[in-house]
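This report describes selected local features of one protein model. Please consult the sequence and the three-dimensional view while reading.

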Amino acid sequence: MSDLLSGLNPAQQEAVTHVGSPLLLLAGAGSGKTRVLTHRAAYFVEQKLATPSQILLLTFTNKAASEMKERMKKLTAGLPANTAQLWAGTFHSFCCRVLRVDGTPIGVHPDFVIYDSGDQETLIKNIIFDLGLTTQEFKPSSVMYFIEDCKNKFITPSQAKLQTSGFWDRNAANLYEKYQKKLTEYQALDFNDLLFKTVELFIQFPEILDKYQDLYRYILVDEYQDTNQIQYLLTKLLAAKYQQITAVGDASQAIYGWRGADYRNLVNFTADFKDTRVINLEENYRSTQIILDAANAVISKNNSHPVLKLFTQKKSTDLIKIFEAESEVTEADYVAQRIQFFHNDVHIPYRQIAVLYRMNAQSRVLEEAFLRYTIPYVLIGGLRFYERAEIKDILSMLRFSHDRHDHISEERIIKALGKRKKALFDQHLKSVDTQNLSSLQILESLVTNSGYLDKFDPKEEDDQKKIENIKELKSVAATFPKLNDFLENIALVQQEYSLQEKNKKKDNLDGIRLMTLHGSKGLEFEVVFLVGFEEGILPHSRSMIEETEIEEERRLCYVGITRAKDYLYISYATKRLFFGKSSLNEPSRFLLDIPEHLTETDQPREIVHDLRGGKNKNSDDLIYDPDIY
């Protein structure tokens, strides 16, 4: 046997060499699952159980697929087999390939075009108008979500029409039917069609399914807990003949329920595939045992799925630091000071430090703190707060209310509202006393009376984030009561954005990784700060009714904790100006789940910060640069 098993722990070796029946790998955070998957595929080739062309590796990202192919190439370098024939890719890319070759029997043209979300929205808008409906009542993005949900559940337009009740749903099902007819007419598919049509093809034409079952006898699926119903059905069909399927996942990291992922696919795997061998990968190669013990304590409160107990050989006595802040500003300053310490004194690169939060809107106060302390940062998976479209739209209204000659802002308002609503906005603006009302009052009046919020559906995740960002802008307005001061402060922050971008280009600086907990999955950092650890934030206030949603929030917390390799900081504020309102918050219930012997209260330098650039009240302990303010 080659070196394929060297350096693997006993559980990993067993996972790599298991043959003869389906395999379910319950792989904990940092347990080397990618290594096991690629070594397993290489083992099949080395032992002549399969040729590379008979192996299908399904992942969720092109990056993961490329990494696996590259690893396979290195692992099989000494073998005569051609690993270039190995197929590793996303579910969508695999289905696209199938439909290009064999989609004709179900009416899919080989040269079909793929519609992106913009194309979908345009088509849906046109159909809405054709049916005499309005985009106010039937928001295109809401209809898109309805159609996507149907396709994820393998529900056809005719089935949707039979299953729906109520005015909106009935019309949405009708729009779905018309939308599919138009796609067929235009020889187009959307991304969800790629999976839907492939499953439809395999069910209606068993001989075509048989062809792909023979072609790909060994199937390996990554992140199985993130599969939705249509992806689960696809893998079940492909593996039905030979039962040579390996599924890798961790129910404790299932955090995408809101977009259709169903961790129960992982839980039900042993029922779907008889004689499944289940192997737990619980040895962690990332974090210290103290961090893992905290993660285990939090996730063990979940009852609806299997929970692994992670352990490591990595030694460390560093406890998890807990900081209770007086406010969100104090919390942000605390994080900034600690980052300076790690970078300047411990010499940890900025890119190895991450600040994680539950909601996008939380980035605003952190960004402003980093700009004050001249700490470079990279916002992962999103735009910086004042660059988000909804924030720029609201700021254009405020700038125009302050200066009616600001034609650039006026143009943006017209684009955001449309000409009819812009006329109503102008009419309302005449009644707004911008001289005597506070920034917050003006902001609320303009947002409410412009009809701008009609663009968003609070039930949609993306729209909810935008609404939360607009609410967070109220916090800035509440801090700067005079409109002129408010706009001036934002202009200065935006100027800092520009300076930081120039410095980045000039010096190629790395930066702190700033992201949501959802965005952090799959990543790791030497130092992690979990901020806003409060009831109503984590767990989110919208997730505190159903136990299933609380469990998903707990999994999200678990993901955040297990991103940390060496140092973990958790902070919360007893009083927070959030969404323009001051609230007194309880620490998160998840903090209470962490045993006290794993934590210590951090005693930072006194932090005193005046938002208007007043003098620092502390002595030499506080790092203070008047030029930053």
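Is C95 buried or exposed, and what is its relative accessible area? The model is predicted, and in it C95 has a relative accessible area of 0%. Residues under 20% count as buried, so C95 is buried.

**Cysteines**

A disulfide is a covalent bond between the sulfur atoms of two cysteines. With a cut-off of 2.5 Å between cysteine sulfur atoms, the count of disulfides comes to zero. C95 accordingly takes part in no disulfide, and the nearest cysteine sulfur, belonging to C96, is 8.8 Å away. Another cysteine, C557, is buried as well, at 1% relative accessibility.

**Helix 9**

Helix 9 covers residues 191-204. Does its length agree with the expected span? At 1.5 Å a residue, its 14 residues should span 20 Å, and the end C-alpha atoms are indeed 20 Å apart, so the two values agree. At the N-terminal end, D190 acts as the cap of helix 9, with a side-chain oxygen 3.1 Å from the backbone nitrogen of N192.

Eleven of the 14 residues of helix 9 are buried, so the helix is largely enclosed by the rest of the structure. Among the buried residues are hydrophobic and charged names alike in the list, including L194, L195, D193, K197 and E200. F202 is also one of the buried residues of helix 9, and F202 belongs to an aromatic cluster together with W87, F94, Y212 and Y216.

**Aromatic rings**

A pair of aromatic rings is described by the distance of the centres and the angle of the planes. The structure holds 21 aromatic pairs, two of which are set out below.

| Pair | Centre to centre | Angle between planes | Arrangement |
|---|---|---|---|
| W87 and F94 | 5.7 Å | 70 degrees | edge-to-face |
| F342 and Y567 | 5.0 Å | 45 degrees | tilted |

Both W87 and F94 are buried. In the other pair, F342 is buried at 2% relative accessibility, whereas Y567 is partly exposed at 24%. Which parts of the chain does the pair of F342 and Y567 tie together? F342 lies in helix 15 (residues 328-344) and Y567 in strand 14 (residues 564-573), so the pair ties together parts that are 225 residues apart in sequence.

Two arginines are placed over aromatic rings. R100 lies over the face of F112, at 3.8 Å from the ring centre. The charged end of R259 sits over the ring of Y256, 3.8 Å from the centre of that ring.

**R554 in helix 23**

R554 is found in helix 23, which covers residues 547-561. Which residues does R554 touch, apart from those up to four places away in sequence? The contacts are V298, I299, K301, N302, E547, F590 and D593. The relative accessible area of R554 is 8%, so this arginine counts as buried.

**Backbone features and the N-terminal segment**

Ahead of helix 23, the loop that follows strand 13 (525-530) contains P539. The peptide bond from L538 to P539 is cis, with omega near 5 degrees.

Two glutamines have a positive phi without being glycine. For Q187, phi is about 55 degrees. Q187 is placed in the loop between helix 8 (167-185) and strand 5 (188-190), and its relative accessibility of 39% makes Q187 partly exposed. For Q243, phi is about 60 degrees. Q243 belongs to the loop between helix 11 (229-239) and strand 7 (245-249), and Q243 is partly exposed, with a relative accessible area of 26%.

S6 is located in the segment before helix 1 (10-17). A polar atom of the S6 side chain lies 2.8 Å from the backbone oxygen of D3. S6 is partly exposed, at 44% relative accessibility.

Conventions
Residues numbered from 1 in each chain as written. Predicted model: local features only at pLDDT ≥ 70, side-chain atom pairs only at ≥ 80, totals over all residues. Heavy atoms only, no water. Helix = DSSP H or I, 4+ residues; strand = E, 2+ residues; numbered from the N terminus. Buried < 20%, exposed > 50% of the residue type's maximum accessible area, 1.4 Å probe, protein only. Contact = heavy atoms within 4.5 Å. Expected span 1.5 Å × (residues − 1). Polar contact = N/O pair within 3.5 Å; in protein donor to acceptor, adjacent residues only side chain to side chain. Phe/Tyr/Trp six-rings, centres within 6.5 Å; stacked < 30°, edge-to-face > 60°. Lys NZ or Arg CZ within 6 Å of the ring centre and 35° of its normal.
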